[in-house]
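Student: I should like to learn how to read an interface between two chains and the course of long helices. Could we take one model as the case?

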Amino acid sequence: MNRFVKLLNFELSRFMKIYLVLIALTIIVQVVGVIVTANSYMAEANKMIYEEGLSQAQFIQQYRSMSFLRFARSLWFMGPIAVCAAALLFYIFMIWYRDWFGKNTFIYRLLMLPTARINVYLAKAASIVLMVLGLVSVQLIILPLENSVLKWLVPIDFRSDMTVEQVVGWDYLSILIPQTFTEFILYYGAGFMAVSVLFTAILFERSFKWKGILLGIGFVAISGVIMLSPLLATVFMDHYYLYPLETLGLEVVLGLLVTAVSLWMGHYLLTKKITV
Amino acid sequence: MIEVNEIQKKFGRKKVLKGVSFTAEKGEITCVIGINGVGKTTILNAIMNLTPLNGGQILVNGETINKHSYEKITFIPDAIIMQPSMTIAEAMEFMADFYDSWNQERATELLDFFKLQESEKINHLSKGNRAKVNLLLGLALDVDYLLMDEPFSGIDIFSREQIADVFTSHLVEDRGVLITTHEINDIEHLIDKAVLLDNGKVLKQFDSEEVRETEGKSIVDVMREVYQP
């Protein structure tokens, strides 16, 4: 088997226990959340109708009907997503530093493997991307389940039903779960670029220690400025000549450039400058 | 042959290596000797391209080290370099997966030699046994050169004896061994060539057999002359 694939498999298996916990957390909290949200809505409806004497129509007018978005805006839904995002963001750093610190110095072994060192970098980056995709897939799988639970607990007269397509098209979910292949490439390409920029910044620190922290921060800042430059131009230039589609094209080119420079720099640092 | 040519290394403003040169040949045990902090580990790290140099050059079989070199040369540091959560069997499987030069037959022989259990987790092992696992993972590779960093450091006397036995066995036969140590007693009689380091420079390098025969001195005698003139 190709050594990159072996490394990728190895990196994924190293995080698997925590990853499965994250998946379980997402499923349990969201399913419990949809039950709690639906039940509390119905409890409120029953109280208002049977104790306060509101009609069903008055209640719906006052409290609006129950839709999946009411649940999706709650902490029950967004909390696990935020925890998973924070865990993966933290792991972007841990995936490198765990090999240097602690009881072992596994980085010795990784850097002495008979394969190009960039494969170590790419395997770590790919494992992060795959883990994000995995969590998004889990979310996509449980959305219909949660939608069904909601329908099961709330009578049709109190509901504004949404299809899963409508749910995933809403607000930030449309970024997590792109609607088209082009969006998928754009959003996840941007994600891979961000991971590669952070990885290279980490390698600056690992190569040059204190000076490396400054170099790493500088590298992230320059990459950010490059990516934001078309948007900054629209704000600060009196005459901005690009159409939105052209601006998007420019962003794609800049994104590819930043990713390529990050990978090249990461390769250079790993082969020429890294210190165990 | 491993050729270390005029290598220089600075950590911050401190010059640790100031033009160190020596060679280590296949079939010989070369020992780099010096007090702690003299740069012995840095030399081994530099040979394996694990730290950049500020000057000089290192060649292994006439080439600068590259990804293919790691099938020809291996490094056994004084700390475990496998995931502590792995069992010995998993660590061996990892090595077999990545190295074409992995020799499973020899690995099994080494397990017996060191009296280790495959099912044991690395983080449950004593320091002596961890050192043995490190040795096992290095020695089971069919490589030309073995680099060992302080293999006797902080290890009990029985483990030391067992590790020293490795050097007289067929397990290192025909290979080049480059070893660093500041505790030479255990292996003095095995060393073919000694390189004495101090203050970032090679103070003296000599063929131990030749010195023994012509001058009637042991390596420790030469060390006394050099370090305590």
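Tutor: We shall take the interface, then the salt bridges, then two helices. This is a predicted model, in which local features need pLDDT of at least 70, side-chain atom pairs count only at pLDDT 80 or more, and totals for chains, interfaces and linings use all residues. Residues are numbered from 1 along each chain as its sequence is written, chains are lettered from A and ligands numbered from 1 in the order in which they are written, and side-chain values use heavy atoms, with hydrogens and water left out.

Student: How many residues does each chain bring to the contact, and what area do chain B and chain A bury?

Tutor: The size of an interface is often given as the accessible area lost when the parts come together. Here, chain B and chain A each bring 25 residues to the contact (heavy atoms within 4.5 Å). The two chains bury about 2,400 Å², 60% of it on carbon and sulfur atoms; buried area is the accessible area (1.4 Å probe) that two parts lose on being put together, summed over both. Of the area that chain B buries against chain A, 29% comes from B:Leu50, B:Ile81 and B:Phe98, more than from any other three residues.

Student: How many salt bridges cross this interface?

Tutor: Side chains of opposite charge can pair when their charged atoms come close. The rule (a side-chain nitrogen of Lys or Arg within 4 Å of a carboxyl oxygen of Asp or Glu) finds two across the interface of chain B and chain A, and 15 over all chains. One salt bridge pairs B:Asp100 with A:Arg3 (3.5 Å, N to O). B:Asp100 lies in the loop between H2 and helix H3 (104–114) of chain B and A:Arg3 in helix H1 (residues 3–51) of chain A, so the pair joins two chains. Helices here are DSSP runs (H or I, at least four residues), numbered from the N terminus.

Student: What does the end-to-end span say about H6(A) and H9(A)?

Tutor: The expected span is 1.5 Å times one less than the number of residues. H6(A) (residues 118–153) has 36 residues and reaches 52 Å from its first C-alpha to its last, close to the 52 Å expected. H9(A) (residues 181–236) has 56 residues, but its end C-alpha atoms are only 33 Å apart, short of the 82 Å of a straight helix.

Student: Where do H6(A) and H9(A) bend?

Tutor: A bend is the angle between axes fitted to the seven residues ending at a residue and the seven starting there. H9(A) bends by about 150 degrees at A:Phe208. H6(A) bends by about 30 degrees at A:Ile142, and A:Pro144 follows within four residues.
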